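This briefing covers the surroundings of a bound ligand, followed by the overall fold and one loop residue. Please read it alongside the sequence and the structure shown here.

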Amino acid sequence: MLGNLWTKSAPQMVGIDIGSHEIKAVLLSKHTDGFKIVNHISVPLRKGAVVDHDIREQESVSEALSIVKRRFPKSVKYAAASVSGSAVMTKVIYMDASLSEEDMESQIEIEADNLIPYSLDEVSIDFETLNVNSADPSKVDVLLSACRTENIDAKIDALDQVDLEAKVIDVEGYALGRSFELIVDQLPEGASDKVVAMIDIGANILTFAAVEKGETTFIREQTFGGEQFTQSIQSFYGMTNEDAEKAKVTGELPRDYMFEVLSPFQTQLLQQIKRTLQIFCTSSGKENVDYIVLSGGTARLEGIANVIMSELGTQTIIANPFKGCLSADDKDTEILQNNIGKYMVAFGLALRSYAQWRT
Ligand SMILES: Nc1ncnc2c1ncn2[C@@H]1O[C@H](COP(=O)(O)OP(=O)(O)OP(=O)(O)O)[C@@H](O)[C@H]1O
Ligand SMILES: [Mg+2]
């Protein structure tokens, strides 16, 4: 059912990002000058437990989620999680601005039927009115999202097993786009009126969200991430995957590593980003994006922002919401200082606690 009632405030939810490398969870509180981290945790997952953001080994995920749950106060009962990958379809459609909510819903069902390659009773659909259409002010842009219900249910069930009620199942790209709010002050003044590419590079998935005037207007995912780099180290130096992962993170590798493995990986990463930017530009009619903001564990790879900036000519930064409007207690700030960027999707999910709430 598509809902249309807005109530005043959303329940407080832990944002839980179930990635293939780690589950990351965070609870935020809102203050006059921004947001504060109340609690946070990341729990590693067994390789293969989550693939393409799909839960493959329920037991491992459940175990990790129970560690997550214990980290938060007992009073925390609600969570916001996300779906992504091939189960999710999104599209911006244009509708007559004068349509009533009811007419909008019927038209959305027709559009959804055309967009989705499954029968409508296998999918859950949602929509959100964005801005007035820039080419035709009599129309509004409406973002339509659809996901296979079984993928949504898998996330709801996993959370339910640890006594967390999934109040929101978002689309990962939109959660990433929402986290822009936390880093907008990290960018030069006026960035909130520009086109910003938020790019999260995880272990297996690269998520792209284009944010224009603060609204996410385009998302895309590619199967590409740091695990590919780990595997290159593994095969080049004949290491186990575990040792290669360790060596990658500590940087304890032979000197030729930069040339032999890092540089080819950077080239591949650049190609992936260029391709997505191209698709975004073609579909939006934009010539380029104004800024690139990198996040995810793999954005910690040495020199990544500089390579992207010099190759693409676009100002590129690594997300650090502590330079934006996020704060934390001193101890948490110190712990998170160097790896805050991997929490961007979880932040975007946790921010749903403070967004408009539709029932
Ligand atoms: N200091 C570091 N240097 C290089 N790579 C790192 C570093 N720290 C973490 N990584 C890499 O980041 C990746 C994990 O990032 P992240 O936590 O964002 O992934 P994920 O969300 O679990 O995965 P995905 O979204 O792709 O399913 C791993 O490949 C890990 O090796
Ligand atoms: Mg991720």
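A residue is near a molecule or strand if one of its heavy atoms lies within 4 Å of it. On that basis 20 residues surround ligand 1, and Ser20, Lys24, Asn204, Glu245 and Lys248 come nearest. The model is predicted: local features need pLDDT of at least 70, side-chain atom pairs count only at pLDDT 80 or more, and totals for chains, interfaces and linings use all residues. Residues are numbered from 1 along each chain as its sequence is written, chains are lettered from A and ligands numbered from 1 in the order in which they are written, and side-chain values use heavy atoms, with hydrogens and water left out.

**Polar contacts of ligand 1**

- A polar contact is a pair of N or O atoms within 3.5 Å; within protein, one must be able to donate a hydrogen and the other to accept it, and residues adjacent in sequence count only if both atoms are side-chain atoms.
- Asn204 places a backbone N or O atom 2.7 Å from an oxygen atom of ligand 1.
- The side chain of His53 has an N or O atom 2.9 Å from an oxygen atom of the ligand.
- For Thr298, a polar backbone atom is 3.3 Å from an oxygen atom of ligand 1.
- Ligand 1 taken alone exposes 660 Å², of which the protein buries 93% (Shrake-Rupley method, 1.4 Å probe; for residues, only the protein chains shown count as cover).

**Make-up of the shell**

- The shell around ligand 1 holds 4 nonpolar, 10 polar and 6 charged residues (Ala, Val, Leu, Ile, Met, Phe, Trp, Tyr, Cys and Pro count as nonpolar, Asp, Glu, Lys and Arg as charged, and the others, Gly among them, as polar).
- Strand E3 (22-31), helix H6 (226-237) and helix H7 (241-250) each supply at least two shell residues, and H7 gives the largest share, 3 residues.
- Domain 1 (6-179 + 319-358) and domain 2 (221-316) each contribute at least three residues to the shell; the bounds come from an automatic or database domain assignment.

**Overall fold**

- The protein has 11 helices and 18 strands (DSSP runs numbered from the N terminus: helices H or I, at least four residues; strands E, at least two).
- Along the principal axes, the C-alpha atoms fill a box of roughly 65 × 50 × 45 Å.
- Of the 359 residues, 51% are buried (under 20% relative accessible area; exposed is over 50%, partly exposed in between; 1.4 Å probe, protein chains only).

**Pro73**

- Pro73 sits in the loop between helix H1 (58-71) and strand E7 (78-83).
- Its relative accessible area is 36%, so Pro73 is partly exposed.
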